[in-house]
Amino acid sequence: MSNNGMLKSSIARKVAMALSGLFLILFLGQHFFINSMSVVSPDTFNEISHFMGYNPVVQFVLQPILIFGVIFHFCMGLYLDYQNKKARPIKYVKNNGAANASWMSRNMVITGIVVLAFLGLHFYDFWVHEMNVKYINVQPEDPTRYYEELRQKFVDPVRVGIYVVSFVLLALHLLHGFMSSFQSIGFNNKYSRSLRGFAYAFAILVPAGFALIALYHHFTI
Amino acid sequence: MKLNLKIWRQKNAQDQGKMVDYAIDNVSPDMSFLEMLDVLNDDLIQKDQDPVAFDHDCREGICGMCSLYINGEAHGPDRGVTTCQLHMRKFKDGDTIFIEPFRAKAFPVIKDLAVNRSAFDRIQQAGGFISVNTSGNTLDANAIPIPKHDADRAFDAATCIGCGACVATCKNSSAMLFVSAKVSQFALLPQGRVEATDRVLNMVRQMDEEGFGNCTNTGACEVECPKGISLENIARMNREYLAASLK
Ligand code: HEM
Ligand code: SF4
Ligand code: FES
């Protein structure tokens, strides 16, 4: 898998797409767990945030892998989409796409681009800020600052609105993407039905959870 | 029945092509879609006009020649049928029907509604076969025991008639359903295992070279396939391909 020659074939690219997508889903799962702590227990939330922010393995191994994963995923997604558009240079005059495939499956690149725009804002909000505090305008370590910083982000209703809309689109992206990635890596068998149930539940509940957490902070501050 | 047809007319591969309107009367609901086009063509010939070119051969759903993108769907609105098996009773009196050729870079238009699907032939030639000894000492196929379950699934895959509806309907013009059916029908049988590695690598390479798009698992192909070829075949081909490339 790792050799570059293999990424030349459409199937290999799809497998790479699926693996990067599944990796992002794993990340999303742990991110959701940490965020939910901000509702359950501010102290635990501060503790975990501080750990994630200063642990060298997280900072210098996992974080670069994550950034690479995100960049790889959307670059590959956009490239595959470009190739796919090229494969039909003359469009149908009348095409009934809804007759045989879901809206989610037909618009992965659109939901993906919205999620990308959101990630831009998210980076600006949290990551750039963190980098500034830690490495540029270096401030002393304060293991209790995270909870209040988080709440401040959700004061602005426009920002909260953007968050909620983005998570709706992420849910749509995952409603197709989660199961699709199993098909891409060749996993389609008697377990697929139960797996589909889990994938759909994850795709709806996790983004809904993120959105609810944002709303919770907005309305309780 | 009276119908308004909007048909893609294109003189040859170089021509720009455009939709042309035709009114047609006295269509019987019992006609097949191709018979309806035959009536239209009779009429055009009577009027000294160029008849509409479209592909067909067996007219009983087994050869895969008939194509057509009808009202935005490959082989029209019915399920599990080819265009020759589509009946006019699926439409209503006064309907407007759009008729276009299968569209894909890899399926160039020859004329009007007829497209060149020889890209499929080249994919088949790249590996969709079993090499046998034809010296006269051929083994009886039944000499090798095959579990019924595998034989059934191989047969299901082998029912693909190579019509190209999967490509036509796919938003990416991907040929994965076709190629995976052709890979699976052999991959499931002991006779096919012998050349399995080369087969899947060569067929996928040829598929990519022909300019088909990448599969995004929308599942549209499975819905429109006249033979009900399952997406499980695509997953199987992905497994076969991964295993083969790691060898
Ligand atoms: C950064 C912005 C993103 C863009 C531009 C994007 C784009 C895409 C595109 C175009 C596809 C379709 C590829 C295909 O099916 O061949 C796709 C698939 C997928 N995406 Fe994303 N995506 C983004 C973010 C995410 C995120 C944050 C996650 C998970 C948390 C994710 C998970 C998935 C999964 C699981 C698939 C399915 C892979 C497959 O079909 O094999 N994506 N993405
Ligand atoms: S897989 Fe189905 S739609 Fe595709 S070529 Fe074979 S029979 Fe036609
Ligand atoms: S003409 Fe042979 S399948 Fe339709």
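**Close-up views of a predicted model**

**View 1. Ligand 2 takes up the space of the second largest cavity.** In this predicted model, the shell around ligand 2 has 13 residues, and the closest are C160(B), C163(B), G164(B), C166(B) and C225(B). Two elements of chain B each give two or more residues to this shell: α4 (165-169) and α5 (176-187). If you are wondering about the chemistry of the surroundings, the shell residues divide into eleven nonpolar, two polar and no charged.

**View 2. Two histidines of chain A coordinate the iron atom of ligand 1.** H73(A) and H173(A) each bind through NE2, at 2.0 to 2.1 Å. Helix α3 (residues 56-86) of chain A holds H73(A), while helix α7 (residues 157-184) of chain A holds H173(A), so the pair ties together parts that are 100 residues apart in sequence. Are these two residues, H73(A) and H173(A), buried or exposed? Both H73(A) and H173(A) are buried.

**View 3. The site of the iron atom of ligand 1 is octahedral.** Take a look at the angles here: the iron atom has six donor atoms, and the angles among them run from 86 to 180°.

**View 4. E35(B) sits in helix α1 of chain B.** This helix spans residues 33-46. How does E35(B) count in terms of accessibility? Its relative accessibility is 37%, between the 20% limit for buried and the 50% limit for exposed, so E35(B) counts as partly exposed. For a sense of distance, E35(B) and I161(B) lie 21 Å apart in space, C-alpha to C-alpha, and 126 residues apart in sequence.

Terms used. Residues numbered from 1 in each chain as written. Chains lettered and ligands numbered in written order. Predicted model: local features only at pLDDT ≥ 70, side-chain atom pairs only at ≥ 80, totals over all residues. Heavy atoms only, no water. Donors = N, O, S within 2.8 Å, 3.2 Å for Na, K, Ca; no water. Tetrahedral: all angles 85-135°; square planar, octahedral: opposite > 155°, others 65-115°. Helix = DSSP H or I, 4+ residues; strand = E, 2+ residues; numbered from the N terminus. Buried < 20%, exposed > 50% of the residue type's maximum accessible area, 1.4 Å probe, protein only. Near = heavy atom within 4 Å. 1 Å grid on protein atoms, 1.4 Å probe; cavity = no way out; pocket = protein on both sides within 12 Å on 5 of 7 lines; lining within 4 Å. Sits in = over half its atoms within 2 Å of the grid points. Nonpolar A, V, L, I, M, F, W, Y, C, P; charged D, E, K, R; others polar.
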